[in-house]
Amino acid sequence: MAIKATEDILQRDPRFANLSIAEDGKLRRMTLADHHAAVANICLSAVTPTDVAAAFDRARSAIIYAFFDYELLVGGEVLALGAFELALKHRLIGHGGATRGTLRNLVDKARKIGILPASVPNPTELPDPIEALIALRNGLAHGTSDTHEPALHGSIIYFDRSSSA
């Protein structure tokens with residue numbers, strides 16, 4: 001999608017047009033407030049190092065602004081994965097400084113000492129979620145033209161916010 005004209009910057013990205021919220025048995029169009037609340041409700045521990053929390057908040061901000069430019073979700077993913085890697089560095093070496101190695105090395109070490117769950121071969125079609133994160137990060141870090149279309153190209157995706165949920 002081309003860069004928006006100035007007068008359109010604060011208009012929702014058209015790829016959000018089919019996203020709806022189920023509330024008390026009725027569907028309504030997702031609003032910026034709904035999107036913001038969903039992202040803002042993803043929180044870190046109170047003992048998270050300040051620089052990890054700042055990196056995570058940069059990711060959340062990019063994801064919130066994706067409401068206006070859906071392409072920002074890819075940037076938000078890169079930032080979120082960077083925050084994950086920084087958090088692993090803090091846990092494994094005590095600070096977020098530069099280290100030799102890769103996300104793969106950090107994950108393997110974290111799994112070995114029990115910070116992350118061990119990789120278990122899965123007989124189902126679902127991949128190990130941490131392996132999927134590494135693959136996503138590597139794809140994004142080495143260049144990709146991927147975007148993630150909301151609503152599966154026109155289907156309605158919604159969240160149940162009814163009082164009975």
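D24 is exposed, with a relative accessible area of 54%. That puts D24 past the cut-off, since exposed means over 50%. You'll find D24 in the loop between β1 and β2. Its backbone has something to look at too: phi of D24 is near 55°, a positive value in a residue other than glycine. Keep in mind as you read on that this is a predicted model.

## The whole chain

Let's zoom out. How many helices and strands does the chain have? The secondary structure comes to 6 helices and 3 strands. Walk along from the N terminus and the elements run β-β-α-α-α-α-α-α-β.

The chain has 165 residues, and 28% of them count as buried. Its accessible surface comes to about 10600 Å², with 59% of that belonging to carbon and sulfur atoms. Now think about contacts between residues at least 6 apart in sequence: 55% of these join residues at least 24 apart.

## Helix α1 and its buried side

Helix α1 covers residues 32-40, and its buried residues are D34, H35 and V39. Why do they sit on the same side of α1? They cover an arc of only 130° around the axis, which puts them on the same side of the helix. There's a handy general rule behind this kind of pattern: an α-helix has 3.6 residues a turn, so residues three or four places apart point the same way.

What do the buried residues of α1 pack against? The partners are β1 (19-23), β2 (26-29) and α2 (50-65). So, in this picture, the two strands on either side of the D24 loop turn up again as neighbours of α1.

A40 also lies in helix α1, but A40 is partly exposed, with a relative accessible area of 29%.

## Helix α4 and its neighbours

Next up is helix α4, residues 103-112. Here L103, L106, V107, A110 and R111 are buried. These residues cover an arc of only 130° around the axis, which puts them on the same side of α4. What covers them includes α3 (72-93) and α5 (129-141).

L88 gives you a close-up of the α3 part of that cover. It lies in helix α3 and, at 4% relative accessibility, counts as buried; the cut-off for buried is under 20%. Leaving aside residues up to four places away in sequence, L88 touches L103, L106, V107, A110 and L116. Four of those names should ring a bell: L103, L106, V107 and A110 are among the buried residues of α4.

What about the two ends of α4? T102 is in the loop between α3 and α4, and T102 is partly exposed, with a relative accessible area of 39%. On the other side, α4 is followed by G114, whose phi is positive, near 90°.

## Residue pairs across the chain

Residues a fair number of places apart in sequence can be compared by the separation of their C-alpha atoms. Here are four pairs.

| Pair | Apart along the chain | C-alpha separation |
|---|---|---|
| A40 and S61 | 21 residues | 9.1 Å |
| L88 and K109 | 21 residues | 9.5 Å |
| R58 and A83 | 25 residues | 9.0 Å |
| T102 and I134 | 32 residues | 10.0 Å |

You've already met A40, L88 and T102. The newcomer R58 has its place in helix α2, and R58 is partly exposed, with a relative accessible area of 49%.

## A pocket to look for

Finally, try finding the second largest pocket, which has a volume of about 160 Å³. Which residues line it? The lining is made of I3, K4, I9, L10, Y65, F68, D69 and L72. Sorted by kind, these residues divide into 6 nonpolar, no polar and 2 charged.

Methods: Residues numbered from 1 in each chain as written. Predicted model: local features only at pLDDT ≥ 70, side-chain atom pairs only at ≥ 80, totals over all residues. Heavy atoms only, no water. Buried < 20%, exposed > 50% of the residue type's maximum accessible area, 1.4 Å probe, protein only. Arc of directions from axis to C-beta. Contact = heavy atoms within 4.5 Å. Areas by Shrake-Rupley, 256 points an atom, 1.4 Å probe, with all protein chains shown as cover. 1 Å grid on protein atoms, 1.4 Å probe; cavity = no way out; pocket = protein on both sides within 12 Å on 5 of 7 lines; lining within 4 Å. Points joined across faces, edges and corners; volume = space filled by probe spheres on them. Nonpolar A, V, L, I, M, F, W, Y, C, P; charged D, E, K, R; others polar.
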